[in-house]
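I opened the notebook to look up a sheet, some aromatic contacts and a helix. My notes follow the order of the look-ups.

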Amino acid sequence: ISQQRGNVTMKFLREQVTSICPGMTSVLSPCDVTTATSHCVCVCVMSYCWCVTVLYWVCDPQMIARGKNASDLFPAVVKNVACKNIEVKKLVYVYLVRYAEEQQDLALLSISTFQRGLKDPNQLIRASALRVLSSIRVTIIVPIMMLAIKEAASDMSPYVRKTAAHAIPKLYSLDPEQKDCLIEVIEKLLADKTTLVAGSVVMAFEEVCPERIDLIHKNYRKLCNLLIDVEEWGQVVIINMLTRYARTQFLNPNMNEDKEEKEKKKTEATAIVKRKPYVMDPDHRLLLRNTKPLLQSRNAAVVMAVAQLYFHLAPKAEVGVIAKALVRLMRSHSEVQYVVLQNVATMSIKRRGMFEPYLKSFYIRSTDPTQIKVLKLEVLTNLANETNISTILREFQTYIKSNDKDFVAATIQAIGRCATNIGEVRDTCLNGLVQLLSNRDELVVAESVVVIKKLLQMQPEQHSDIIKHMAKLTDNIQVPMARASILWLIGEYCEHVPKIAPDVLRKMAKTFTNEEDIVKLQIINLAAKLYLTNSKQTKLLTQYVLNLAKYDQNYDIRDRARFIRQLIVPTDKSGALSKYAKKLFLALKPAPVLESPFKDRDHFQLGSLSHLLNAKAGGYQVLPDWPEAAPDPSVRNVEVKESVRAVETVTARDRGPLGPSSGEDVKKSEKKSKPRIGSSESESEEDNDSESESSESEEEESEEESEEETKKKKKVGNERLENTPCLAVHAVFTQPPPLPVSVPQTIIPSGNLKTYELLHRITGEGLSVEYCFSRQPFSPDPHMVAVKIQFTNSATSEAKSLHVEDAKLQSGMRIKEFPEIGQSTFHNRIPLLITVSVVMGIDFSCSLMFFVSIQPPVGELMMPIFMTENEFKKEQGEHRNQCMEIKQYGPHFDCHAVVQRVTTAANLSRVPCGSDKECRFAGKTVTSGSLVLVSVVTKEDGAAQLTVNCEKMVIGTMLVKDILQALTQ
Amino acid sequence: MIHSLFLVNSSGDIFLEKHWKSVVSRSVCDYFFEAQERASEPENVPPVIPTPHHYLISVLRHRIYFVAVIQSEVPPLFVIEFLHRVVDTFQDYFGVCTEAAIKDNVVVVYELLEEMLDNGFPLATESNILKELIKPPTILRTVVNTITGSTNVGEQLPTGQLSVVPWRRTGVKYTNNEAYFDVVEEIDAIIDKSGSTITAEIQGVIDACVKLTGMPDLTLSFMNPRLLDDVSFHPCVRFKRWEAERILSFIPPDGNFRLLSYHVSSQNLVAIPVYVKHNITFREGSSQGRFELTLGPKQTMGKGVEAVLVSSQLPRGVLNTNLNPTQGTYTFDPVTKLLSWDVGKINPQKLPSLKGSMSLQAGASKPDENPTINIQFKIQQSALSGLKVNRLDMYGEKYKPFKGIKYMTKAGKFQALLSN
C-alpha cells in the first residue's frame with residue numbers, strides 16, 4: 001500500500017478488511033502502513049468490484065514471531081486464484097509461493113486452477129501457470145509437476161518450453177529422486193533449436209546433471225551457433241558450461257609450449273613420447289570464433305565469461321584479444337571493477353604480456369576505494385619488468401604520499417615484491433624504503449621495516465649500516481610486528497653489528513614485561529643468538545631474560561624459554577643437542593620468496609565465485625585438465641535418420657524436370673560439393689550421402705588445417721567418390737544439399753511450380769527475367785528459400801555481366817546472390833534466344849513483404865515435411881492451441897483436385913490419409929522451422945472446412961487466405 | 001542462482017526483502033553488517049562476503065546496499081550485473097532510486113522483482129518487456145488508479161517475450177516521430193604537478209532516445225569510425241555489420257537506451273581541455289600555509305568550459321582555510337577536510353582563481369600527504385575525440401522521422417596532483 005491511494009481509501013479499506021478478518025485492524029491503520037514498510041509489507045489490492053480481495057504479506061519474520069502470521073489468511077487468499085484480474089492473480093501467486101510450504105494441505109486447493117491453466121490456448125498463460133505450479137514447494141504435488149514439465153517440454157511454444165526448463169531445477173531441489181526423469185527432459189530440451197530455450201535448459205543442466213557431459217555432444221555445434229542470439233544471462237551460463245566441455249574434449253592448444261617447459265625438467269620422457277604437431281579441432285575453433293564477438297557485449301558478466309573461456313581454451317597467441325575488453329570493464333561500477341581486477345591479477349601472472357600495453361589503465365586514482373587500489377597495485381606489481389619498472393616505481397612514489405594508510409602499506413609491500421623480482425632495482429628500492437623509515441607515520445615505518453627485513457635477508461653483508469639504522473628505531477617504533485622484525489634482524493646478523501646488538505638486548509630486557517608476545521619471542525631469540533656468539537657480554541642478560549620469560553603468562557613464551565635454556569646453557573644434564581646449538585640457531589636461512597597471493601589461483605575456473613574466494617564454493621564444477629589424447633570427435637556429428645535418406649535417393653531420381661536444367665548449376669554444385677565431401681569424410685565413417693556436417697564453418701576449418709592433412713582427406717574423399725559412383729552422381733547433380741544439422745527431415749516438394757515475371761521482355765529491352773520458387777532446399781543455407789531465376793535473352797546482342805546489385809532487403813532478410821553470369825568465359829555468356837537459369841537463396845525471415853521485386857507468396861516460405869497420419873493427428877492435437885484458422889467454403893472438389901490446388905498454393909506435402917473426405921498437408925517454415933498443418937475436410941452437406949495450424953499467426957492467416965483463393969477460384 | 005535479496009539503507013536497516021526460493025532468515029545479513037563495520041568507507045565493503053552457509057554479494061548504489069544471497073557457485077559478475085540492472089530498472093520506473101521511492105512504490109517493486117527473476121535466474125530484464133508487464137507509475141495514472149481502482153499491471157498479456165526482437169515492444173505509435181542521439185564523452189586524466197599528462201583517455205557513450213512508430217530499422221554511420229578503439233553494444237546492434245562496414249545497424253528499443261559505449265584508442269593524443277596552476281606551501285614551524293589555484297582553458301576547440309567544480313581533499317593538519325575566489329563560491333568542511341569550489345563558467349579573459357591562507361594545527365609539523373584535486377567540467381556541442389556522426393537512415397517505415405544529435409564532453413575522473 002502506498003500513500004498514493006490516500007487516507008480516504010485507507011479508511012474504506014480498513015473497514016472492509018475488518019469485516020473480513022477481525023484482528024487485522026492494527027496492521028492496517030494508515031500510520032502503521034507507512035512505518036510498516038521497513039519490516040513488513042502488507043499489500044491490499046482492490047479488484048475492480050471494490051472489495052478487498054487479497055492481502056499479501058511478504059516474508060516478515062517479526063510479524064510471524066508476534067503471532068500475526070499471514071498464513072492464517074491462506075484459504076481466503078487462495079480462493080482468489082481463479083480471479084480474473086491479472087494483478088490480483090499475480091499477487092495471489094506471490095502469496096501462494098511464499099506460504100504454500102507452511103500450509104501444504106490448503107495449497108492443494110489451488111492446484112486444479114493451475115492444471116487448468118496448463119491447458120489454456122494462450123501460451124503465456126500456460127507458461128505462467130507452469131511457473132507458479134513449479135514454484136510451490138509442496139512435496140505431494142511432485143508427480144503433477146513432473147507431468148506438467150514433461151508436457152510443457154514438448155509444447156509448441158518455445159516460451160512454454162523455456163518455462164519448463166526453468167521448472168526443472170525447482171523440481172530437482174524439491175525432490176532429487178526425480179533426477180533420472182528430469183535428465184530425460186533436459187536431454188529433450190537440449191535438442192531444442194530456439195534461442196529462447198537454450199540458455200534456460202543449459203542452466204537446468206548445470207544445476208541437475210553437470211556431470212552428464214555426454215548430453216552436450218550432439219548439441220555442441222548448435223549451441224555454439226545459437227550463442228550470439230541467446231539472451232545475455234543464458235550466454236553466461238552456456239559459455240561457462242562450454243569451457244568445461246571443451247576442456248574434456250579437445251587437446252591443449254598450448255601443448256607444445258607447455259611441453260617445452262616440462263622438457264627442461266625431464267628430457268628423456270619427452271624424447272620417447274614425440275607427438276605429432278598440434279592441429280586444432282574444428283569444433284574447438286568454432287567455439288572460439290563464435291564467442292569472440294561477445295567480448296563486445298554490454299553485460300560485464302558475458303565479457304568476463306568469454307574472457308575466461310579464452311584464457312582457459314585459446315592458443316597463447318590469441319588470448320590477447322580479451323585484455324582490451326577487460327580493461328574496458330574497469331570503467332564500470334566499483335563492484336564490477338573489483339571482480340574484474342581479481343581475475344586480471346590472476347591472468348597477469350600467467351600471461352603478463354597481455355596486459356602490458358594497458359599498464360596505464362591500472363594507475364591508481366585517489367578517488368578509488370581502498371580495495372580497488374590494493375588490487376590495482378597487485379596488477380601493477382605483476383606487470384613490472386625490467387623495462388617498465390622505473391615508471392612503475394615513480395607511480396609508487398606518489399602513492400606513498402596518499403592519505404589512505406592501508407593503501408600506503410600495500411604500496412610498500414608492492415615495492416618489496418618488485419625489488420625481489422627484479423634484481424636491478426633492488427638497491428634503489430631498499431634506499432627508498434630506508435628513507436621511509438624516517439616517515440612520521442608509524443604504520444608506514446612499520447611496514448617498511450617488515451619489507452626491509454625480507455630484502456636484507458637476500459644480501460645482508462652489504463647493509464650493516466641499514467641494520468644499525470633500524471636498531472635505533474627500537475626506541476620509537478611501537479608496532480609489534482616491526483619491533484619483532486628489527487629484533488630478528490639484529491639477532492640474525494649480530495655478527496655484522498657486534499657493538500650494537502648487546503645494547504639492544506639490554507634495552508629490550510628492560511621493557512620485556514611490557515612487550516607483545518611476538519616481540520617477547522624475538523627477544524628470547526635475540527638473547528639466545530647473542531649468547532651463542534658473544535657470551536662474554538651477554539651471558540647475564542640472557543639469563544635475566546630467560547628468567548623473566550619463565551614466569552610469563554603466555555605458555556608459548558614459557559615453553560620457548562625452557563627449551564632455549566636447555567639448549568644453549570651447558571649443564572651436566574644437557575643432551576647431545578647443545579653441541580649443535582650454534583648450528584641450529586645461526587644456520588643460513590633461505591631468503592623468503594615474496595609471492596603474489598594470486599599465484600596458482602587459475603586452477604579455479606576464472607570468473608567463478610570459487611576463484612574470487614580462493615576456496616571451493618558449493619556446487620563448483622572443477623575445471624578438468626586437458627586430456628592426453630583427444631576423445632573421438634565424431635560424437636558431435638549429428639546423423640540423419642535412415643528412412644529420410646531413402647526417401648531422398650528415390651525422389652532424386654524421379655525428379656527429372658525439377659532438377660537444375662543448365663550446366664551452370666551443375667558446375668556450381670560440383671564445385672561446392674567436392675571439398676565438402678572430402679572434409680567431412682574425415683570426420684566420420686558415415687556414408688557420403690548422410691554426411692550432414694554442412695555448416696560452413698567446417699569448410700573453413702579444414703582450410704585452416706595443415707596442408708598435409710587436407711590433402712590426405714581430399715584423397716580419401718575422392719576415393720570414396722569413385723567407389724560409389726551412383727551415390728556420388730546424386731550428390732553432385734541433384735545435390736540434395738547435405739542435410740543441415742537442424743533439419744531432421746526433408747521431403748521432396750510436390751505440386752506444380754508457378755512462374756512469376758520479374759522483368760518483361762519489352763521493358764528489359766530483349767532480356768526477360770522470370771522467377772519461380774523451385775521448392776528445393778537451398779544448399780548454401782538451409783534457412784533460405786531457393787528462388788530460381790530464369791533469364792531469357794531475345795535481343796539482338798549478347799547480355800553480359802548479369803548480377804544482383806544493391807539488393808535492398810528488409811531487416812532480418814538475407815540474400816545469397818548468384819554468381820555473375822557472362823563475365824569471363826565465353827561459355828557463360830548468354831547467347832541469343834537461350835534461357836539460362838540460376839538459383840539464388842533468399843531468407844525471407846518469415847516476413848511477408850519483400851519490397852524490391854520478388855514477392856513470395858506465403859506458401860513458398862515453407863518446406864514440406866513427411867508425416868504419418870497418426871503423427872499428424874498428434875501434432876494437430878497438441879497445437880490445437882496454436883492460432884487455429886477455420887474457414888468454411890462452398891462446393892467441394894474431389895480429393896485429387898484439392899491436393900493439386902493446395903500444393904500449388906503452398907509448398908506442403910500431403911499426409912497419407914485413410915478417409916477420402918479429408919486431405920491433410922504438413923510442412924514447416926524454412927527459416928524458423930515452425931510447423932504448418934493444413935487439413936481440408938468435406939462435410940456432409942457438401943461444404944468443406946479448411947483448418948490451418950501454425951504458430952506464426954501472420955503466416956497462418958495469410959495461408960488460409962491463399963489456399964482458400966486457390967480452392968475457390 | 002540468486003536466492004534472496006535484501007535492501008539495506010545507509011543506517012543499516014533492512015527495509016525490503018524478497019525471496020525467490022525458500023526463505024532465508026534475515027539474520028544472514030549480520031555478516032554483512034560486520035563487514036560494513038570493518039570497512040572504513042561505505043564503498044570499501046567487499047562485494048563478495050562468504051558466510052558459513054551462504055555467500056553475500058552486494059552492490060552499493062544511491063546509498064542503498066543491494067545484498068543478494070546465494071547458496072552455490074555462480075559467477076559473481078553475473079549477480080553484480082543483475083543487481084545493477086535492478087537498480088537501473090527502479091531508476092527507470094521511479095525516476096530516482098532512493099529508499100523513499102522504493103517504499104512509496106513497494107507494490108511495483110515487488111511485482112518487478114517477481115518478473116525479473118524466476119527461481120533465481122533472470123527472466124525478463126529488458127525494460128521494454130517489463131514496461132509491457134507492469135506500467136510505470138506516473139502522477140496521472142496514480143490519480144486515475146485511485147479513482148477507478150484499477151492497477152498498474154498491464155491488462156494485456158505481453159508479447160515482447162515471444163518476439164525475435166525482445167527489446168522492442170510491438171505496436172508502438174507516436175504522432176511525432178523523433179530520434180535523438182547524445183554523444184557524451186568523458187575524459188579521464190591524471191595531470192602531474194608540472195602540468196604534464198600522466199594518463200589520459202576518453203570514454204564515450206551514445207545514449208539514444210528513440211520514439212518512432214512501428215518497427216523502424218536504423219543505420220547510423222560515423223565520419224571517422226576508426227577513432228573507436230573498443231566498443232560495446234546494446235544487444236540490438238548487428239555485430240556482423242559493424243565488423244564488416246563499421247556501420248551501426250539496429251532495430252531500436254522504444255524510449256531511452258544506451259546504444260554504444262566506446263573507448264577512443266590511446267594512440268591518439270588526448271587534448272586536455274583545462275589546465276591548473278597552483279602553489280600550495282606549508283612552512284615548517286609556522287601554523288599558516290599559502291594556497292593558490294588558477295584554472296584556465298587549454299584545448300577546447302573554441303567552446304566554452306562550463307559547470308566547473310573543483311574539489312580537493314586537504315591534508316588532515318589543515319584546520320581551516322581563508323580563501324578568496326575571483327568567481328563562484330567555495331566551501332571547506334573542517335571535519336572531512338574537503339574543499340570544494342563551484343567555479344561555473346571559465347572566462348578566458350579573466351581566469352578564475354582561488355587564493356588565500358590555510359591555518360594549520362598549532363605545533364604540528366608540515367603535512368606530508370599529497371593533496372590531489374578533482375576537476376569536473378562540461379563542454380557543450382563538441383566531442384573531445386572529434387567523433388562525428390555522418391548520417392542516420394531509417395528503413396522499414398514510410399514516415400520521415402525528426403532526427404537530432406548532440407555532442408557533449410565531460411570530465412570523468414580528472415585529477416591533478418598538487419605539490420610534490
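These entries cover strand pairing, ring contacts and burial in a predicted model.

**Sheet in chain B**

I started with strand order. I found an open sheet of four strands in chain B, ordered S14-S15-S20-S17, with antiparallel pairing. Which strands stand at the edges? I noted S14 (274-282) and S17 (318-325) of chain B there; each has a single partner strand, so one side of each is left without a neighbour in the sheet. I then looked up the turn between neighbouring strands: it is 15° on average, direction ignored.

Next I took one pair in detail. S14(B) runs antiparallel to S15 (residues 288-297) of chain B, and I logged nine bridges between them. Within this pairing, I see Val276(B) opposite Leu295(B) of S15(B). As background, strands of a sheet pair through backbone hydrogen bonds.

**Aromatic pairs**

I searched the whole structure for ring pairs. The search gave 18 aromatic pairs over all chains. I picked Tyr220(A) and Tyr245(A): they are stacked, with 5.0 Å centre to centre and 25° between the planes. What does this pair tie together? Tyr220(A) belongs to helix H13 (residues 220-226) of chain A and Tyr245(A) to helix H14 (residues 232-249) of chain A, so the pair links parts 25 residues apart in sequence. I checked burial too: Tyr220(A) and Tyr245(A) are both buried.

For another geometry I turned to Phe32(B) and Phe33(B). Their rings are edge-to-face, 6.0 Å centre to centre, with 65° between the planes. I count Phe32(B) as buried because its relative accessibility is 0%, and the cut-off for buried is under 20%.

I also noted a cluster with members in chains A and B. Trp233(A), Phe78(B), Phe82(B) and Phe121(B) make up one aromatic cluster.

**Charges over rings**

I came back to Tyr220(A). Arg636(A) lies over the face of this ring, 5.6 Å from the ring centre. In chain B, I found Lys388(B) over the face of Tyr407(B), at 5.5 Å from the ring centre.

**Helix H32 in chain A**

I finished with H32 (residues 555-568) of chain A. H32(A) has 14 residues and reaches 20 Å from its first C-alpha to its last, close to the 20 Å expected at 1.5 Å a residue. Where do its buried residues sit around the axis? I listed Ile557(A), Ala561(A), Ile564(A), Leu567(A) and Ile568(A) as the buried residues of H32(A). They cover an arc of only 135° around the axis, so they are on the same side of H32(A). The general rule I wrote beside this: an α-helix has 3.6 residues a turn, so residues three or four places apart point the same way.

Note on methods:
Residues numbered from 1 in each chain as written. Chains lettered and ligands numbered in written order. Predicted model: local features only at pLDDT ≥ 70, side-chain atom pairs only at ≥ 80, totals over all residues. Heavy atoms only, no water. Pairing = 2+ DSSP bridges. Helix = DSSP H or I, 4+ residues; strand = E, 2+ residues; numbered from the N terminus. Axes fitted to C-alpha atoms, helices over the stretch in contact; angles between N-to-C directions. Phe/Tyr/Trp six-rings, centres within 6.5 Å; stacked < 30°, edge-to-face > 60°. Buried < 20%, exposed > 50% of the residue type's maximum accessible area, 1.4 Å probe, protein only. Lys NZ or Arg CZ within 6 Å of the ring centre and 35° of its normal. Expected span 1.5 Å × (residues − 1). Arc of directions from axis to C-beta.
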